[in-house]
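I opened a notebook for this structure and wrote down what I looked up, entry by entry.

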Amino acid sequence: MSTSAPAPSSRHAATAAGLAVVALLCGLDIALADDQVISATPVIAPFLTALLGRPRETAIVAAAALAACVLSPIWNDNFGGVDYLVRVLVVLTGGVFALIVARTRERLDLDRRRFLLLSAVAEVADGRPAPGETTTRLSDLLVPGLADIAMLDVRRDERLERLAVAAHGPEADRIEAGMRARDPAARVRALPEQGALQLVERIDEELTRALAEDDEELAFLRSLGLRSAIVVPLRTRGRIIGSLVLLTTHQSGRDYDADTAEFARVLGGRVGLALDNAGLVSELESLEAQTTAALGNLAEAVTVQSRDGGLIYANDAAARALGFADADELLSTPPQDIVDAYESFLSDGRPLTLTDLPGRKVLAGEEAEPTLVRAIHRATGEERWRVVKATPVLDHEGRPRLAVNVIEDVTEVKRAEHAQRFLAEAGAVLASSLDPDETLARVAELAVPRLADWCAVALPDERGWLRQVAVAHPDPDRVRMAREYQERWPSHVTDEGGAAQVLRDGQSQLINDIPDELLAATVTEPERLALLRELGMRAVMIVPMVASGGVIGAMTFVSAESRRTFTPADLELAEDLGRRAGTAIETARLYTERSHIARTLQVGLLPDALPDVPGVRLASLYRPAGDEVLVGGDFYDAIETPSGWMIVVGDVTGRGTEAAALTGQARHTLRTAATLLGDPAAAIEQLNRALSQRGELAICTVAVVLLRDSGATTTAQIVCAGHPPPVLVRGGGARQVGDSGLVVGAWPDAVWHPRTLVLEPGDLLVLHTDGVIDSVGADGRFGEERLLQALSGATSAEEAVARIRAALDAFEVGEQADDTAVLAVERVQAARRVPGTEDAPSGRTSPVK
Amino acid sequence: MDDDEDFRVGRRLEDGVAVVAPEGDIDLRTAPAVRSELEAARGEAACVVLDLRLVEFMDSSGIRLLVEAQLAADRDGASFAVVRGPAPVQRLFELAGLDGRLTLVDEPAQAASGERPDEH
């Protein structure tokens, strides 16, 4: 039995030498005289053999020596004597001793050989020779010392590959070629590997059949005369990289035992190390190695999944992207734990499941589109956007064996895109309304939940209290809660920290992972603290709303339920929004101011109060157009002239400051002309000349009524210049009076003619601008008919004005484009009635012209 | 309120007459469009016609347009005519006293004949 020993030739030589000595000594004994008995001398032969050979040879020689000694009486003729028995005993004892010597020597020799083998392998391991040299040297060391056939099978891609085969003897080439051609998998099928060393003391016919894949192979294996085998798993750095297969054949005739197996196990460790050091494994995995090296340098995260979905490879970028220190840490983390570390969503907002990932899809043999995933790291709250693409690696049967995932981090692109879209929408919202509170409320709603879970806008009031003009959160109950909180514990600009601080110094604040101590330090009231804690704030940003005049408000963004934290990019976006909102609010305020100025200006174009005119009562109505910034062109006036009171209602076409200036000019020109001339038509002609002389076209329409009270009667001289005619309400009936005339300001040669009528007590004369009849309702324009209907039955100036106002309120829909002026004249003084003077021609009632 | 979408203004050359034909309401909002068409028409032909047949409503902005166009024609020695519109539009002409100052016709073709009623 047993192992590493001299070659058979030297063993045979030792036996031959021993036997030769026995024969020589026997010959000598025969040749010598009978009294010269040397029949015990063959005892030296086994000792000689023990020094040269192994116990087996020594035993053969010892047996031969003993036989020679036992048979020596044949030629010495001393059979049966004590002397004879002593000699036999000496040879026997000597043989036994020689055997012990041989055994001991063999043991020592084996140990020495094993030590040398281990040293040699260690040397190979340390020397780091070229891979090819390593295998050659390892084979040389193992064959024939330890085995008749040695093979190195190395694992690559989950498959075993035969790296080296070594045999010896004259048939070495044939054996090596035959073994190299065999698939190691056949061996594994016959001798399943469990990661532990396997010792097959006896390779029987059954196992040989199991090892052979076909008849040809079976014949080959049989030709080898396999006896025993040891399969040693090769380990390095905690993983199995392959197997060392040692076989004995009839060549050596040895069989492996447990002792040799134990040595093989130690040897396997060294061989594994040697292979690893030589870079053989990585060379074998060269494609993978090169790919790995290339992937390792990629900025894109790359992972490889095996068919069961588990990660078998990840580059450093993937590790970093998924929040791990390095690839090894990532690979040693179970996939579900990796997924659970994030709250992930698809681009449509649905929560991500493992089956949505393209890697799983391609492993299932499906097509997989690149998938956009938004992931919030639960621990850090960081938000990332990733595009995941997967490509299958097919096995030789065309089925997906691996999935290669490329994960591209598009967070920056996405953020920029979102920021742009968000700001664009915010810009539209900010421009949509001139009501600051409404605008800010809509902006706050826009920010939720895209930028934060909460958004609040605070503006300081005149007394320095922060007014929450907007609070947005998807849950109305939470909004209510926040409002109650603000009402209960209002902030003042002098307060420490928070929005007040931002309002004072204009510096934004960003706090991620708000510690509870911060809350406790900020708020002392227990109830308030409890409410604040209930919000579950994780991060907060407060940015100033900046306008040209400085900070006018503060916007607060809070992350709570989403658990995300804010990045510098988020802060930048929030600051941008703060600036835009600040500018918008300033614009809105300026508009309000302009609108106020416009109204003031408009009021300046109208008389402060209508004067007291003897015999008549006046009432007026002025309604500005919907757009309050533009000054309307409507005006009215009551002017005392030498010939009586002149009532004026006019309208300058166009709006805005130009129209306002023209209105002022028209009103004052008319006033001056009326006062000097005391004649309505002359006053209009004066105005016409003044306007016609202006460089650009300046036209207006005007209705002028001169009220002449001649004691007994009151007459009205009516002149209309492109203006809607006044309405006379008499005895409940309403009708238009006056002749139409040309607009003022177009043709300098134009003339106007008055229409005179006698006013009876209770008569109402209602002057108005086209804003009344042109006002827009659901059924079109208000028109002259509705005006007459509204005025029918009116009994006083106030009532007439009130009726028009009510009728317009009921009729109008939406903002009105034009302003509206009404001036109602009521004849109150009891006067003697002059029959037949109604609608008198102008010639009869003191015509002016 | 009149939407700008409900308003259109076309311009065409017809037998040497540039016809501007607004459709919808002429008011403060739509008047500038008509004004620019009238100006373009003046560059195209010595005879400009404003066809008001498809105009549903006109306010004082329209009056201003008509006055401008007439004054421009007078200044350039060109002719300007208006094709009468529906009753509300005609009523405005009356109120503004323009019937005596403008050439009112029933068809664009009538403008070419250069008929012009006497001025008041």
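How do the residues of the lining of the largest cavity divide into nonpolar, polar and charged? I note before answering that the model is predicted.

**Entry: the largest cavity**

I found 14 nonpolar, 6 polar and 2 charged residues in the lining of the largest cavity. I put its volume down as about 450 Å³. The lining has 22 residues, and I listed those closest to the centre of the cavity: Leu322(A), Ile338(A), Val339(A), Leu357(A) and Ile407(A).

I then looked up which elements of chain A each supply at least two residues of this lining. Two helices are on the list, α16 (335-340) and α17 (358-363). The strands on it are β6 (301-306), β8 (342-346), β9 (371-377), β10 (383-394) and β11 (400-409).

**Entry: the other cavities**

I noted that the structure holds 5 cavities of 30 Å³ or more. For the second largest cavity I wrote down a volume of about 130 Å³. It is lined by 16 residues, and the closest to its centre are Met151(A), Arg187(A), Leu211(A), Val245(A) and Leu247(A).

Which classes of residue does the lining of the second largest cavity have? I found 13 nonpolar and 3 charged residues there, and no polar ones. Helix α9 (205-211) and the strands β4 (226-236) and β5 (239-249) of chain A each supply at least two residues of this lining. I marked β4(A) as the element that gives the most, with 3 residues.

**Entry: a sheet in chain A**

I moved on to an open sheet of 5 strands in chain A, and copied its order as β13-β12-β16-β15-β14, with antiparallel pairing. Which are its edge strands? They are β13 (466-472) and β14 (509-511) of chain A, and each pairs on one side only. Neighbouring strands of this sheet are turned by 20 degrees against each other on average, with direction ignored.

I looked at one edge in detail. β14(A) runs antiparallel to β15 (residues 539-547) of chain A, and 3 bridges join the two strands. Opposite Leu510(A) I found Met541(A), which is in β15(A).

**Entry: helices on the sheet**

I looked up which strands two helices of chain A lie across. Helix α20 (residues 476-488) lies across β12 (454-460) and β13, and runs at about 170 degrees to β13(A). Helix α21 (residues 498-505) lies across β12, β13, β14, β15 and β16 (550-559), and I noted about 145 degrees for its run relative to β16(A).

Key:
Residues are numbered from 1 along each chain as its sequence is written. Chains are lettered from A and ligands numbered from 1 in the order in which they are written. This is a predicted model: local features need pLDDT of at least 70, side-chain atom pairs count only at pLDDT 80 or more; totals for chains, interfaces and linings use all residues. Side-chain values use heavy atoms; hydrogens and water are left out. Two strands pair if DSSP finds at least two bridges between them. Helices (H or I, at least four residues) and strands (E, at least two) are DSSP runs, numbered from the N terminus. Axes are lines fitted to C-alpha atoms, for helices over the stretch in contact, and angles run from 0 to 180 degrees between N-to-C directions. Contact means heavy atoms within 4.5 Å. On a 1 Å grid over the protein atoms alone, a cavity is a set of points where a 1.4 Å probe fits but cannot get out, and a pocket is an open set with protein on both sides within 12 Å along at least five of seven lines; lining residues have an atom within 4 Å of a point. Grid points are joined across faces, edges and corners, and a volume is the space filled by probe spheres set on the points. Ala, Val, Leu, Ile, Met, Phe, Trp, Tyr, Cys and Pro count as nonpolar, Asp, Glu, Lys and Arg as charged, and the others, Gly among them, as polar.
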